[in-house]
Amino acid sequence: MAEQGTTGAGGATAGGYDPQKIEAKWQRRWAEARVFESEADPSKPKYYVLEMLPYPSGTMHMGHMRNYAIGDVVARVKRMRGFNVLHPMGWDAFGLPAENAAIKNKTHPRIWTNNNITQFEKVLRRFGFSYDWRREISTCEPEYYRWNQWFFLRMLERRLAYRKKSLVNWCPKCCTVLANEQVVNGGYCWRHEDTRVEMREIEQWFLKTTAYADQLLDDLKQLEGGWPERVTLMQKNWIGKSPGAKVKFAVAGAAGAGPVEIFTTRIDTIYGASAIILAPTHPLATKLLEGSPTRSEAAPKLAKMRQTSVKTEDLATMEKEGFFTGRYALNPFNEEKIPIWVGNFVLMEYGTGAIMAVPAHDQRDLEFCRKYNLPVRVVVQPLEGEELSAEKLGTAFDEHTEGKLVNSGPFNGLSPEEAIAKMTVLAEQKGFGRGETIYRLRDWGISRQRYWGTPIPVVYCAKDGMVAVPDKDLPVLLPPNPKLTGEGESPLASTPEFVNTTCPKCGGPARRETDTMDTFVDSSWYFYRYCDPHNDKAPYDSEKVGYWFPIDQYIGGITHAILHLLYSRFWCKVMRDLGLIKHSEPVARLFTQGMVQKGGVAMSKSLGNVVGAEEMAQKYGADTGRLYTLFAAPPEKDLEWSEESIEGSWRFLNRVYRLIKRHAGSVRAVKGGKADAVSASDKEKTLLRKAHQTLRRVTSDFETRWHFNSAIALVMKLTNDIYEQEPLEQGVRPEVRKEVLELLTLMLAPMTPHLAEELWEMLGHGEGLWKVSWPAFNQELAREEQVEIPVQVNGRLRARMKVAVGSAEADVVRLALELPAVAQHVNGKRIVKQIYVPDKLLNLVLG
RNA sequence: GCCCGGGUGGCGGAAUGGCAGACGCUGAGGACUUAAAAUCCUCCGGGGAUUUUUCCUCAUGUGGGUUCGACUCCCACCCCGGGCACCA
């Protein structure tokens, strides 16, 4: 750490810019004046800006910081714009790392967590973010998690929470179950990317996200324009809606086996089905082989395929393979006998685990059927172009909007769309099929066999079975002293004082549920709690939430594009159906900021490439740290941390400080009186013009474009321009200096708030800058008198010239032709066309 | 394979059809200083001509196209990052 006055970073000389002093001073003043505390007030326009709540672990680094710096600029700009701003902060405090750390350090997860929260909060306060700290919440507190339990009970009542035995993803390192969404890279744990997820069959709690699948999909339309397209697209893919039909095929001549039910989105092509293909793990596969003529050949193949089909990551590269079961199915539409195969590319988890192969109209089926010499039959012909022939077909014709049916009995001549409708109806009438839409989205498995989470409020009684804990008994508290080993059964299960309880119904002995909830439950609704954080009667007051919601701007990493943001949307819809809120989407606008990297990879403790936020604050001050993360890259892009570049931001702030300090005395003496352009000197006009031009562009960069980096560049440029006019004592009246320097200060305020306050005070204001509105741009003062027009000949730049603003085209052309550089290139040739963009450019096109 | 992003000096990046490289970093040179730090000034994409002033030319991943004019719009391709991945 640099000593003050010795090296660059700490180089505050006596009377110079001293961020440590200034920042502490203004943070104190803001707290005293309660500047960032806001209340719901329907008479004022509101703005709810929020950064995703952090999981407090390790040290806060500049990656975290950047997220909050972006949010704080938005919050401060909106405040200056007169909005009643809600800008809260809290802690995602439950979770495995706390428990693992507790096991390792032989302490309690609460102690570890609270230490981290203390650390994180200290750093956030050190950076002067404009949070309403009264609203701080921590999800591991009973005051918070009791409402997780309350919501769970509401969902239980509505059968949106249910229990079922299921094959689950089990991470041996976490010693717990993972949601599908937490399994990454085709079978690895999202927290331990080197650890393979195992499959285990366990009794689990689920929330019925699939009940909202259509709404989750349809309401994405409401988010258009407000959310990044790639996020809504990822959610759309994740939900994976496929409208289609299920059709039962009877199995020919196998006693007790069948029927086989398949799922298809193209029932219209069913007359072209060449085979039924089962997933290797389909229960019928084994059954059909019993007594099959090809049994001896097929059985070993099936056994082999069942083993290999587990490895999902190989699916993409895996050769499509299959074998004949020796059995046949009957196409219910035409009683055709088609072979039943087993194929390694058919997934048991999707649809019914069985498909019909229609080679002429599905590329994958075509490849499979060609490989095994299964027949190909065209049943849809294109409306235009050459007629398809089954023999020559190399690419399947899978168009379903343009075409007409052939070889399809009574359906010949129909369009595929018509055929889908009619054939589905027929299947339903005859009872062998029905229209059905399937989804990739699964119900949300929320059970975790760990301690540090919300206990699921349910007990099991020998007499009454599963009984919900009554609301009045909430919260079900975590036992204070669990045995944490990280091995074996869940810690709650091995804590008798927790497990043993009485049945709320009969009073007899009962056992508590020992699973805890996934921590994504906590983050699914926390932003509602901020509106009413201390309510002990309800999760929140609907009226307060009604005022603040939806969140006007949510800011966080793209990593939460599916998990957190999908669950939050689900939770919102459930709360709406409970009558608590009226809106259907919690977040109006979403911004996904880039990561801060060092050495090309994201900062992480394990890689040892973190740049600590607190260190930065000590070395350069919060304002320099904030400014740099905003300046170094546009907010949506990744930012490569550079120790050298941050010096530039530090230098700039010093430069501004010196400039204003130099003129503070003369500016302070100014008594009222706005600067105007009428009596101004050239030097004054230049300064006022540049200041107001900068203001115009900075305003738009802040509000509409979010180009904070170029906004800063503009303010830097303005600072350079003012320096260029030095000494201001010559030819610049104090009131003009005042206006220009005040604008400079106000434009910096959202980004470097401490310094801006200090400068504002130096310029003679007794009241805090926090009371000041964003300045109004003055068009009159910004107007240029002369503009430089580039002159092109045949589109190539040949000269520039100064003309009065608003000059007539003819005059501009005449002046341009007088320029030697232009005349030389025109060289007497005829001008066939001249393009004049007023005050912008002239292009002369020669014949 | 499919779907999104992205590709501009030594580096981070500006420029949303109108002067490519704003602003910052790095580097070089200079001023101030006993000296250093800090500060201030000048230069900084390539090639060429001219030599002390400029001028020409090439250049925004590659190749085409639209346009008076393209980093920007269109088509094809290459590379990098991310997401999905036999979804029936």
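In this predicted model, a backbone N or O atom of Leu347 in chain A lies 2.6 Å from a base nitrogen of RNA strand B. Tyr350 makes a similar approach, with a backbone N or O atom 2.7 Å from a base nitrogen of RNA strand B. At Ala632 the partner is a sugar or linking oxygen of RNA strand B, 2.5 Å from a polar backbone atom of the residue. Elements that give two or more residues to the surface near the RNA are α8 (229-239), β11 (260-264), α19 (645-668), α21 (708-724), β31 (786-793), β32 (796-804), β33 (831-837) and β34 (841-846).

RNA strand B is surrounded by 51 residues, the closest being Tyr350, Arg440, Ala632, Arg655 and Arg800. Of the RNA atoms that come within 4 Å of the protein, 63% belong to sugar and phosphate. The surface near the strand is made up of 21 nonpolar, twelve polar and 18 charged residues.

**Overall build**

Chain A has 847 residues, and 54% of them are buried. Its secondary structure consists of 26 helices and 34 strands. Along the principal axes, the C-alpha atoms occupy a box of roughly 105 × 85 × 50 Å. Among contacts with a separation of 6 or more, 72% join residues 24 or more positions apart.

The largest nonpolar core holds 179 residues; the members that touch the most others are Tyr48, Phe152, Phe527, Tyr528, Tyr554, Trp571 and Trp641. A second, separate core of 39 residues includes Val260, Ile276, Ala298 and Met305. Beyond its neighbours within four places in sequence, Tyr528 contacts Tyr540, Val545, Phe549, Cys572, Met575, Ile581, His583 and Pro586.

**Two helices**

Helix α1 (residues 19-33) has 15 residues, which at 1.5 Å a residue should span 21 Å; its end C-alpha atoms are 21 Å apart, in agreement. Its buried residues are Pro19, Ile22, Glu23, Lys25, Trp26, Gln27 and Trp30. Residues three or four places apart in an α-helix point the same way, because there are 3.6 residues a turn. The cover over the buried residues of α1 includes α2 (62-80), α4, α18 (622-631), α19 and α23 (753-762). After α1 comes Arg34, with a positive phi near 50°.

Helix α22 (residues 734-748) also agrees with its expected span, with 15 residues and 21 Å between its end C-alpha atoms. Because 13 of its 15 residues are buried, α22 is largely enclosed by the rest of the structure.

**Three buried residues**

Each residue in the table falls under the 20% limit for a buried residue, so each is classed as buried.

| Residue | Location | Relative accessible area |
|---|---|---|
| His108 | loop between α3 (96-105) and α4 (109-126) | 16% |
| Lys246 | strand β10 (residues 242-252) | 12% |
| Trp444 | strand β19 (residues 444-445) | 0% |

Leaving out residues up to four places away in sequence, His108 touches Ala102, Tyr451, Trp452, Pro480 and Pro482.

The side chain of Lys246 makes a polar contact of 2.9 Å with the side chain of Glu436. With neighbours within four places set aside, the residues in contact with Lys246 are Glu261, Ile262, Phe263, Thr352, Phe432, Gly433, Arg434, Glu436 and Ile438.

Trp444 lies 5.1 Å from Leu207, C-alpha to C-alpha, although the two are 237 residues apart in sequence. Its contacts outside the four-place window include Trp205, Phe206, Leu207, Thr209, Asp518, Phe520 and Trp571. Trp571 is also one of the core members that touch the most others.

**Backbone exceptions**

Most residues other than glycine have a negative phi, and most peptide bonds are trans. The bond from Leu474 to Pro475 is cis, with omega near 0°, and Pro475 sits in the loop between β22 (465-468) and α13 (496-499). A cis bond with omega near 0° is also found from Phe549 to Pro550, in the loop between α15 (542-548) and β26 (553-557) that holds Pro550.

Asn373 has a positive phi near 55° and lies in the loop between α11 (363-371) and β16 (380-381). Its relative accessibility is 69%, so Asn373 counts as exposed. The phi of Asn794 is positive too, near 50°, in the loop between β31 and β32. Asn794 counts as partly exposed, at 44% relative accessibility.

Notes
Residues are numbered from 1 along each chain as its sequence is written. Chains are lettered from A and ligands numbered from 1 in the order in which they are written. This is a predicted model: local features need pLDDT of at least 70, side-chain atom pairs count only at pLDDT 80 or more; totals for chains, interfaces and linings use all residues. Side-chain values use heavy atoms; hydrogens and water are left out. Helices (H or I, at least four residues) and strands (E, at least two) are DSSP runs, numbered from the N terminus. The expected span of a helix is 1.5 Å times one less than its number of residues. Buried means under 20% relative accessible area, exposed over 50%, partly exposed in between (1.4 Å probe, protein chains only). A residue is near a molecule or strand if one of its heavy atoms lies within 4 Å of it. A polar contact is a pair of N or O atoms within 3.5 Å; within protein, one must be able to donate a hydrogen and the other to accept it, and residues adjacent in sequence count only if both atoms are side-chain atoms. Ala, Val, Leu, Ile, Met, Phe, Trp, Tyr, Cys and Pro count as nonpolar, Asp, Glu, Lys and Arg as charged, and the others, Gly among them, as polar. A nonpolar core is a set of buried Ala, Val, Leu, Ile, Met, Phe, Trp, Tyr and Cys residues joined through side-chain atoms within 4.5 Å. Contact means heavy atoms within 4.5 Å.
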